[in-house]
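Hello,

Here is the structure I promised to pass on to you. Please have a look at it, and then read on for what turned up.

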Amino acid sequence: MSYPRSMTAFGRGEAVDQERTWTVEVRSLNHRYRDIKVRLPRQYAPLEEMIKREVAAAYSRGHVEVSLYLTGEAAAPSLAVNLPLAREYLHALERLRVELSLTDRPDLAMLRELPGVLSPEEERPEEPEAAWPLIQTALNAALANTGLMRESEGEATKRELLTRLAGISRVLEQLEADLPALTQRRQHKLRERLENLLNGVDLDPWRLAQEVALLADRSDISEEMVRLDSHLDQFASFLEADEPTGRRLDFLLQEFFREINTIASKINDSQVAHLSVELKNEVEKMREQVQNLE
């Protein structure tokens, strides 16, 4: 099964045994951990752990509900014959015929209607383990169907995430291209701020330049930009991994938020603020999608 996979899916499977049909339905939703709930007929409760093991092999996380239904009827029950009781009835009826001088003799039609002569044999309940091969067949079919849906949804989500990732990359490229002019504007504003604070106090130009450079260094965002570029590469590689990476993708997006917030706080610039809002909107949309990936 390919990755990434969605945690939201529905699948149904059946297995037929003579006149009975086993039906298994599997529904799954996103969940931080693996949470499996099983509903099945009471007499088959001992199979719950076996069912959970099968589901756990298909889901590393997600809320999964498994419902098991049995429909149809088993073969007609066999009848038990109480021969000692039938003999007693026959002897008693024969005595009545003789004592009352009756012409009709007791026959089979008469005997079979008498209580207790014929009775259904007590049906032994089926051992749950005996039904497991059929139940497993129906369960695996349901899981296979959910797997197809999960792969399809996962592939669609992957395409959407890659599109948004490319959009974020373009915004960062734009921000990086604007950095030289942005730095100059920032230094100019800092110089004006310092001069206003000094209020005409004569200060060595070299010292003023040093203070401006120090303040500018505190607003340097080159490290944040490098880390964001690294996060972008990691995110893309996780989407191509042949294993569940939903949690790692979610963690990376949290790091995206952290770096974007740091950039916005370091540089008090309207253009940067606009780009930061745009980036955070994209990241938030990606987080909503990633929450559904296994």
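**What was found**

The accessible surface of the protein is about 18,100 Å², and carbon and sulfur atoms account for 51% of that. Please keep in mind as you read that this is a predicted model.

Let me start with the overall layout. The protein has 294 residues, and 35% of them count as buried. Its secondary structure is made up of eight helices and six strands. Reading from the N terminus, you will meet them in the order β-β-β-α-β-β-α-α-β-α-α-α-α-α. Contacts across the sequence are also worth a look: among those between residues at least 6 apart, 79% join residues at least 24 apart.

Next comes the sheet. Four strands form an open sheet in the order β1-β2-β4-β3, and the pairing is mixed. The edges are taken by β1 (9-17) and β3, each of which has a single partner strand, so one side of each has no neighbour in the sheet. From one strand to the next, the twist averages 15°.

If you would like to walk across the sheet, begin with β1 and β2, which pair in the antiparallel sense over nine bridges. Here Glu 14 has Thr 23 in β2 as its bridge partner. Strand β2 (residues 20-29) is in turn joined to β4 (residues 62-72) by 10 bridges, and these two strands run antiparallel. Along this pair, Thr 21 stands opposite Thr 71 in β4. The parallel part of the sheet is where β3 (residues 34-39) meets β4, through six bridges. There, Ile 36 has Val 64 in β4 as its bridge partner.

A helix belongs to this picture too. Together with β3 and β4, helix α1 (residues 48-58) makes a β-α-β unit, and this unit is left-handed. Helix α1 lies across both strands and runs at about 140° to β3.

The loop between β3 and α1 holds a residue you may want to find, Leu 47. Is Leu 47 buried or exposed? Its relative accessible area is 0%, so Leu 47 counts as buried. Which residues does Leu 47 touch, leaving out those up to four places away in sequence? They are Leu 40, Pro 128, Glu 129, Trp 132 and Ile 135. Glu 129 is 82 residues from Leu 47 in sequence, yet the two are 7.3 Å apart in space, C-alpha to C-alpha.

Finally, the nonpolar cores. In soluble globular proteins, nonpolar side chains tend to be buried together. The largest nonpolar core here has 30 residues, and Ile 168, Leu 175, Phe 235 and Phe 256 have the most contacts inside it. Two or more residues of this core come from each of α4 (128-198), α6 (222-239), α7 (246-266) and α8 (270-290). Helix α4 gives the largest share, eight residues.

Phe 235 is a good place to zoom in. Not counting residues up to four places away in sequence, Phe 235 touches Leu 161, Leu 165, Leu 249, Leu 252, Leu 253, Met 286 and Val 290. Apart from this core lies another, with 24 residues, including Trp 22, Val 38, Tyr 44 and Leu 139.

Enjoy looking around, and best wishes!

Terms used
Residues numbered from 1 in each chain as written. Predicted model: local features only at pLDDT ≥ 70, side-chain atom pairs only at ≥ 80, totals over all residues. Heavy atoms only, no water. Buried < 20%, exposed > 50% of the residue type's maximum accessible area, 1.4 Å probe, protein only. Contact = heavy atoms within 4.5 Å. Areas by Shrake-Rupley, 256 points an atom, 1.4 Å probe, with all protein chains shown as cover. Pairing = 2+ DSSP bridges. Right-handed = clockwise from strand over helix to strand, strands pointing away. Axes fitted to C-alpha atoms, helices over the stretch in contact; angles between N-to-C directions. Core = buried A, V, L, I, M, F, W, Y, C linked by side-chain atoms within 4.5 Å.
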